Amino acid sequence: MTDSGYATRGAGALLIGLDAVDLTLALPLARLGFSNMGVAAETLPEAERAARHLPAGVRTFPVSRRDAALATLAERADLIVLTGGPLPAGLLQPYHTLADLTGHAVVGTSGPPRWTCQPCPPAGWPGS
């Protein structure tokens with residue numbers, strides 16, 4: 001992301017996963033300068049567990065994936081990062097950028113810009 005030109009300084013991000021384990025995949029993004037980060041997991045305790053690992057100075061908002069506040073956090077986010085589970089319906093807006101770390105998110109053709117992370121080929125394969 002640092003080489004992409006994506007402006008993270010002062011932006012908001014929403015991490016969506018199933019538990020603290022898969023959410024930790026996206027935690028290094030916090031060091032890029034996001035000012036607000038929502039953390040959504042299957043349960044509130046899992047979201048709180050993941051949010052504890054965010055750097056000081058980043059305002060964190062842990063929620064359950066089923067909490068009505070998730071929609072509000074999504075509205076305020078610039079980047080949505082999916083680390084596990086399905087993407088909750090109706091969260092993405094055209095102004096969002098989706099970073100799909102699962103490679104399985106289903107979005108419409110008129111949806112937001114999307115980054116996907118596919119597994120890297122084994123060493124020695126052509127192009128690796």
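In this predicted model, the protein chain exposes about 7100 Å², of which carbon and sulfur atoms supply 57%. Of the 128 residues in the chain, 41% count as buried. The fold holds three helices and six strands, and from the N terminus on these elements follow the order β-α-β-α-β-α-β-β-β. Among contacts between residues at least 6 apart in sequence, 42% join residues that are at least 24 apart.

The interior can be described through its nonpolar cores. The largest nonpolar core has 22 residues, and those that touch the most other members are L15, L29, F34, M37, V39, L79 and V81. At least two residues of this core come from each of strand 1 (12-16), helix 1, strand 2, helix 2 and strand 4 (79-82). Another core, of 15 residues, lies apart from the largest one and has L14, L91, L92 and A105 among its members.

V39 illustrates how the surroundings of one core residue are made up. When its neighbours within four places in sequence are left aside, V39 is in contact with L14, L15, L23, A47, A50, A51, L54, F61, P62 and V63. Three of these names, A47, A50 and A51, return in helix 2 (residues 44-51), where they are the buried residues. These three cover an arc of only 100° around the axis, and therefore sit on the same side of helix 2. As a general point, an α-helix has 3.6 residues a turn, so residues three or four places apart point the same way. The buried residues of helix 2 pack against helix 1 (20-23), strand 2 (36-41) and strand 3 (59-64).

A polar residue in the interior deserves separate mention. D100 belongs to strand 5, which spans residues 97-100, and D100 counts as buried because its relative accessibility is 0%, where the cut-off for buried is under 20%. Which partners do the polar side-chain atoms of D100 have, the side chain of T102 and the backbone nitrogen of G103? Both are set out below.

| Atoms of D100 | Partner | Distance |
|---|---|---|
| Side chain of D100 | Side chain of T102 | 2.5 Å |
| Polar atom of the side chain of D100 | Backbone nitrogen of G103 | 3.0 Å |

The contact between the side chains of D100 and T102 is a polar one, while the second row pairs the side chain of D100 with the backbone of G103. Taken together, D100 is a buried residue of strand 5 whose side chain has a polar contact with the side chain of T102.

Methods:
Residues numbered from 1 in each chain as written. Predicted model: local features only at pLDDT ≥ 70, side-chain atom pairs only at ≥ 80, totals over all residues. Heavy atoms only, no water. Helix = DSSP H or I, 4+ residues; strand = E, 2+ residues; numbered from the N terminus. Buried < 20%, exposed > 50% of the residue type's maximum accessible area, 1.4 Å probe, protein only. Polar contact = N/O pair within 3.5 Å; in protein donor to acceptor, adjacent residues only side chain to side chain. Arc of directions from axis to C-beta. Contact = heavy atoms within 4.5 Å. Areas by Shrake-Rupley, 256 points an atom, 1.4 Å probe, with all protein chains shown as cover. Core = buried A, V, L, I, M, F, W, Y, C linked by side-chain atoms within 4.5 Å.
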